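This report describes the fold of one protein chain for a reader who is beginning to study structures. Please look over the sequence and the structure before reading on.

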Amino acid sequence: MAGTAVPGRLTRLEWRVARLVETRDETPTARTLVLDVPGWPGHLAGQHVDVRLTAADGYSAQRSYSLAAAPDGDRVELTVQNVPDGEVSPYLTGVFSVGDPVEIRGPVGGWFVWRPDDPAPVTLVAGGAGVAPLMAMVRARRAAGSRVPFRLVYSVRTPDERWYAGELRRPDPGVEVFPLYTRAAPDGWPRPPGRLAKGDLAGWGWPPEFDPACFVCGPTGFVEAAADLLVALGHDPRRIRTERFGPTGG
Ligand SMILES: Cc1cc2nc3c(=O)[nH]c(=O)nc-3n(C[C@H](O)[C@H](O)[C@H](O)COP(=O)(O)OP(=O)(O)OC[C@H]3O[C@@H](n4cnc5c(N)ncnc54)[C@H](O)[C@@H]3O)c2cc1C
């Protein structure tokens with residue numbers, strides 16, 4: 001009923017005060033923030049939030065961050081990469097401490113989402129921090145007990161830059177993870193370091209004949225290149241959903 005949908009949408013536009021309850025370092029420069037958000041309306045894997053910081057003099061800055069975990073009551077998780085000359089990410093990864101408040105608004109976005117009742121196989125293609133919303137999909141699949149087969153192609157510069165490394169190494173039946181290194185690979189790694197190529201997606205993603213849902217996320221250049229490769233392999237562009245992690249000041 002339209003009458004019930006409208007209040008739900010308005011709720012998502014409200015700023016809420018969240019509190020940091022836990023942190024986990026994914027790498028020396030990226031940190032997962034576990035937030036308690038009283039009255040959180042729930043979310044779908046793939047959605048993001050807006051985070052607003054306000055200084056004592058009233059100056060405020062706002063950025064978008066993907067929800068990295070499956071829905072879990074009033075708890076939400078974000079993983080933030082420190083951009084050294086940035087305004088917001090150095091605060092969130094270095095200063096923001098357990099017990100501190102922050103304003104958040106969301107969930108935002110309705111297209112780049114995976115729903116647990118979708119039976120199609122899934123190819124996830126992540127570049128760097130773009131793994132965050134794709135990890136939410138992997139976690140939502142597990143939380144829902146879904147048997148839909150997932151393949152995650154995860155491009156990072158070096159092995160030390162992998163997020164969620166322990167969790168992605170643990171067996172999760174039906175989820176295959178293919179790390180790809182662009183600058184330096186572990187000793188003996190079969191694929192030489194280099195950018196994502198057509199052969200990587202041909203070998204590790206589901207073939208177009210399976211009509212997979214494809215989700216691609218990362219820096220703008222990575223997303224455009226990966227989406228072009230998927231189309232070149234024969235994937236229907238309507239089955240490719242993309243999320244670009246460009247700068248989000250405002
Ligand atoms: C939908 C969406 C979801 C996002 N989810 C995440 C997430 O889960 N985790 C995460 O770490 N980031 C995410 N981002 C990026 C995030 O919103 C910020 O842009 C990032 O944290 C930098 O903010 P900042 O204030 O530290 O830097 P700014 O002060 O905004 O910028 C400082 C400098 O860094 C450059 N810069 C800013 N952002 C980026 C970027 N993303 N890549 C490369 N250079 C950049 C700027 O051009 C500038 O030179 C997301 C962006 C979008 C649009």
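The report treats the domains, the nonpolar core, two sets of strands, and some individual residues.

**Domains**

The model is predicted. The domain assignment of the protein chain gives two parts, namely domain 1 (2-108) and domain 2 (122-244). Taken over C-alpha atoms, the centres of domain 1 and domain 2 are separated by 24 Å. To the contact between them, domain 1 gives 13 residues and domain 2 gives 14 residues. On the side of domain 1 that touches domain 2, the elements giving two or more residues are strand S1 (16-27) and strand S5 (75-81).

A database record also applies to this chain. In an unreviewed entry, UniProt lists residues 13-114 as "domain: FAD-binding FR-type". In the model, the span of residues 13-114 is 7% helix and 47% strand, and its end C-alpha atoms lie 22 Å apart.

**The nonpolar core**

In soluble globular proteins, nonpolar side chains tend to be buried together. Here, the largest nonpolar core has 59 residues, and those with the most contacts inside it are Leu124, Val131, Leu134, Ala136, Met137 and Phe215. Helix H3 (residues 131-144) gives the most to this core, with eight residues. Where does the core lie with respect to domain 1 and domain 2? Both domain 1 (2-108) and domain 2 (122-244) give residues to the core, so the core lies between them.

Met137 can serve as an example from this core. Apart from its neighbours within four places in sequence, Met137 is in contact with Ala45, Gly46, Trp114, Leu124 and Phe215. Leu124 and Phe215 are themselves among the residues with the most contacts inside the core.

**Strands S2 and S5**

Strand S5, named above for its part in the domain contact, also pairs with strand S2 (residues 30-36). The two strands run antiparallel and are joined by seven bridges. Within this pairing, Asp36 has Arg75 in S5 as its bridge partner. Is S5 enclosed or open to the outside? Six of its seven residues are buried, so S5 is largely enclosed by the rest of the structure.

After S5, the chain passes through a loop to helix H2 (89-94), and Glu87 lies in this loop. Glu87 counts as exposed because 11 C-beta neighbours lie inside 10 Å, and a residue with 12 or fewer is placed in that class. Between the C-alpha atoms of Glu87 and Gln62, which are 25 residues apart along the chain, the separation is 9.5 Å.

**The unit formed by S10, H6 and S11**

Strand S10 (residues 213-218) and strand S11 (residues 240-244) run parallel and are joined by five bridges. Phe215, one of the core residues named earlier, has Arg241 in S11 as its bridge partner. Together with helix H6, the strands S10 and S11 make a right-handed β-α-β unit.

Val223 is found in helix H6 (residues 220-232). Is Val223 buried or exposed? Val223 counts as buried because it has 22 C-beta neighbours inside 10 Å, where 20 or more are required. Beyond its neighbours within four places in sequence, Val223 is in contact with Val216, Cys217, Gly218, Thr242 and Arg244. Val223 and Arg244 are 21 residues apart along the chain, and 6.5 Å separates their C-alpha atoms.

**Backbone features and loops**

Most residues other than glycine have a negative phi, and most peptide bonds are trans. The model contains exceptions to both tendencies. The peptide bond from Gly106 to Pro107 is cis, with omega near 5 degrees, and Pro107 lies in strand S6 (residues 101-108). Two residues with positive phi are listed below.

| Residue | Phi | Loop | C-beta neighbours inside 10 Å |
|---|---|---|---|
| Tyr164 | near 55 degrees | between S8 (150-156) and H4 (165-169) | 21, buried |
| Asp211 | about 50 degrees | between H5 and S10 | 13, partly exposed |

A further loop residue is Ala197, located between strand S9 (175-181) and helix H5 (198-204). Ala197 counts as partly exposed because it has 13 C-beta neighbours inside 10 Å. Ala197 and Leu229 are 32 residues apart in sequence, and their C-alpha atoms are 7.4 Å apart in space.

Terms used:
Residues are numbered from 1 along each chain as its sequence is written. This is a predicted model: local features need pLDDT of at least 70, side-chain atom pairs count only at pLDDT 80 or more; totals for chains, interfaces and linings use all residues. Helices (H or I, at least four residues) and strands (E, at least two) are DSSP runs, numbered from the N terminus. Two residues are in contact if their C-beta atoms, placed from the backbone, lie within 7 Å. A nonpolar core is a set of buried Ala, Val, Leu, Ile, Met, Phe, Trp, Tyr and Cys residues joined through C-beta atoms within 7 Å. Domain bounds come from an automatic or database domain assignment. UniProt positions are given in the numbering used here, feature names are shortened, and annotations may be inferred rather than shown by experiment. Two strands pair if DSSP finds at least two bridges between them. A crossover is right-handed if, with the strands pointing away from the viewer, the path from the first strand over the helix to the second runs clockwise.
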